Amino acid sequence: HNDLMTKVMPKIQTAFDDFEKLTGRKYNIVEKYDMEDADIAVVCMGTSVETAREVAKEMRGKGVKAGVVGLRVIRPFPFFEVQEALKDVKAIAALDRSSPNGAPGMLFNELAGALYNTDTKALLSGYVYGLGGSDLTKKHLTDLYSELQANVDAGKVLTPLQQFIGVRGPKFQFL
């Protein structure tokens, strides 16, 4: 099974290419938005990508070099494409939809693994959102981008390793 999974990525891209020929809609395994000069980036999947893109544009209007990396595939994880997309970024936020048994989310862990033995010295933070059906709002992402920029300015992560977005009650975080 593992051997087959290592050979799947080109087949996924071929399927995306075939889909483009049929529909005119282009998909990539890793989608990059405003990443050419980004200092900070949010890495996410699904519908959160669109909201993150809107907020990144607004942050750029305020002089913050914000970008978004959207993943269309998590298994197999696109290690090399992610490394390339994030190679020049100073701070990264991984957005996960779950926190498995008190550990950081899956996307956070995969990003940490993908970037560990690279020249990237990006500051990595994890955020869990959508618990209990709560929405991820533009305000949440504006605050998140501001936290990432503060991390860059300080040269270190100023927030807990993993935080929860949209959870009622006192701010919930750990690590």
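Which residues does M9 touch, not counting residues up to four places away in sequence? The legends below start there, and the model they describe is predicted.

**View 1. M9 and the residues it touches.** M9 sits in helix α2, which covers residues 9-23. Leaving aside residues up to four places away in sequence, M9 touches I29, P76, F77, P78 and E81. Is M9 buried or exposed? M9 counts as buried because its relative accessibility is 13%, and the cut-off for buried is under 20%.

**View 2. M9 and V73.** These two residues are 64 residues apart along the chain. In space, 9.1 Å separates the C-alpha atom of M9 from that of V73.

**View 3. Helix α6 from end to end.** Helix α6 runs over residues 138-154 and has 17 residues. From the first C-alpha to the last, α6 reaches 24 Å. That is close to the 24 Å expected at 1.5 Å a residue. After α6 comes G155. The phi of G155 is positive, near 75°.

**View 4. The buried residues of α6.** Which residues of α6 are buried? They are L141, T142, L144, Y145, L148, Q149, N151 and V152. An α-helix has 3.6 residues a turn, so residues three or four places apart point the same way. What do the buried residues of α6 pack against? Their partners include four strands: β2 (40-45), β3 (66-71), β4 (91-96) and β5 (123-128). Helix α3 (48-61) is packed against as well.

**View 5. The order of helices and strands.** The chain has 6 helices and 7 strands. Along the sequence they follow the pattern α-α-β-β-α-β-α-β-α-β-α-β-β. Contacts also link distant parts of the sequence. Of the contacts with a separation of 6 or more, 75% come from residues 24 or more positions apart.

**View 6. The whole chain.** The C-alpha atoms fill a box of roughly 45 × 40 × 35 Å along the principal axes. How does the radius of gyration fit a compact globule? A compact globule of 175 residues would have a value near 16 Å, and the chain has 16 Å, so the two agree. Of the 175 residues, 45% count as buried.

**View 7. Surface and charge.** The chain exposes about 9,600 Å². Carbon and sulfur atoms supply 54% of that area. The chain carries 22 positive and 22 negative charges. The mean positions of the two sets are 2 Å apart.

Definitions and conventions. Residues numbered from 1 in each chain as written. Predicted model: local features only at pLDDT ≥ 70, side-chain atom pairs only at ≥ 80, totals over all residues. Heavy atoms only, no water. Helix = DSSP H or I, 4+ residues; strand = E, 2+ residues; numbered from the N terminus. Expected span 1.5 Å × (residues − 1). Buried < 20%, exposed > 50% of the residue type's maximum accessible area, 1.4 Å probe, protein only. Contact = heavy atoms within 4.5 Å. Rg over C-alpha atoms; globule rule 2.2 N^0.38 Å. Areas by Shrake-Rupley, 256 points an atom, 1.4 Å probe, with all protein chains shown as cover. Lys, Arg positive; Asp, Glu negative; His and termini not counted. Charge placed at Lys NZ, Arg CZ, Asp CG, Glu CD.
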